[in-house]
Amino acid sequence: QVQLVESGGGLVQPGGSLRLSCAASGTFFSIHTMGWYRQAPGKQRDVVARITIGRSTYYADSVKGRFTISRDNAKNTCDLQMNSLQPEDTAVYFCLADAAVVAGGAFSDYWGQGTQVTVSS
């Protein structure tokens, strides 16, 4: 019911910047929270940043001051601006949407396919 497509990953040198974008499409009533998670090889998937429909934000300690999450509720998009990237930021980044398909229905998590971010000189 909800499809998420990420874009904007790639290879960047330490200290560089990237902007990830996530677009939600399909048939749904509302998206409450959108977020970005990342998974490095051999590690679990961890939250990077989340933003609610009211634009309340949460950031992992490791990215505070460097990453900024934003969303456009009208377009159902969510962006992650990543500055001062470091090699430890290398991971596959996944977009998440907590969405209800119908009014009054339960909210469920939907995931994108992921986009690779590699920080290396």
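A salt bridge, as I use the term today, is a side-chain nitrogen of Lys or Arg within 4 Å of a carboxyl oxygen of Asp or Glu. Hi everyone, keep that in mind while we look around this structure, which is a predicted model.

Let's start with the charges. A search of the whole structure turns up 4 salt bridges, and I'll walk you through some of them. Take Arg19 and Asp79: their side chains meet with N and O 3.2 Å apart, so they fit within the 4 Å cut-off. Arg19 belongs to strand 3, residues 18-26, and Asp79 to strand 8, residues 77-82, so this bridge joins distant parts of the chain, 60 residues apart. Are these two buried or exposed? Arg19 is partly exposed, at 41% relative accessible area, while Asp79, at 18%, counts as buried.

Now please find Asp89. Which residues are linked with Asp89 in a network of salt bridges? They are Arg38 and Arg66. From Arg38 to Asp89 the N to O distance is 2.9 Å. Arg38 sits in strand 4 and Asp89 in the loop between strand 8 and strand 9, 51 residues apart. For Arg66 and Asp89, the closest N and O atoms are 2.8 Å apart. Arg66 comes from another loop, between strand 6 and strand 7, and lies 23 residues from Asp89 along the chain.

How does this network stand with respect to the surface? Asp89 has a relative accessible area of 1%, so it is buried. Arg38 is buried too, at 14%, and Arg66 is also buried.

On to the rings. How many aromatic pairs does the structure hold? There is 1. The partners are Tyr37 and Trp111, with ring centres 5.0 Å apart. Why do we call the pair edge-to-face? Their planes meet at 75°, and planes over 60 degrees apart count as edge-to-face. This pair also links distant parts of the chain: Tyr37 is in strand 4, Trp111 is in strand 10, and 74 residues separate them. Tyr37 is buried, at 14% relative accessibility, whereas Trp111 is partly exposed, at 37%.

Finally, let's bring charges and rings together. The charged end of Arg45 sits over the ring of Phe94, 3.6 Å from the ring centre. Arg50 lies over the face of Tyr58, and there the distance to the ring centre is 4.8 Å.

If you take one picture home, make it Asp89, buried and joined with Arg38 and Arg66 in a salt-bridge network. Thanks for listening!

Technical notes: Residues are numbered from 1 along each chain as its sequence is written. This is a predicted model: local features need pLDDT of at least 70, side-chain atom pairs count only at pLDDT 80 or more; totals for chains, interfaces and linings use all residues. Side-chain values use heavy atoms; hydrogens and water are left out. Rings of Phe, Tyr and Trp (its six-membered ring) pair if their centres lie within 6.5 Å; planes under 30 degrees apart count as stacked, over 60 as edge-to-face and the rest as tilted. Helices (H or I, at least four residues) and strands (E, at least two) are DSSP runs, numbered from the N terminus. Buried means under 20% relative accessible area, exposed over 50%, partly exposed in between (1.4 Å probe, protein chains only). A charge sits over a ring if NZ of Lys or CZ of Arg is within 6 Å of the ring centre and within 35 degrees of the ring normal.
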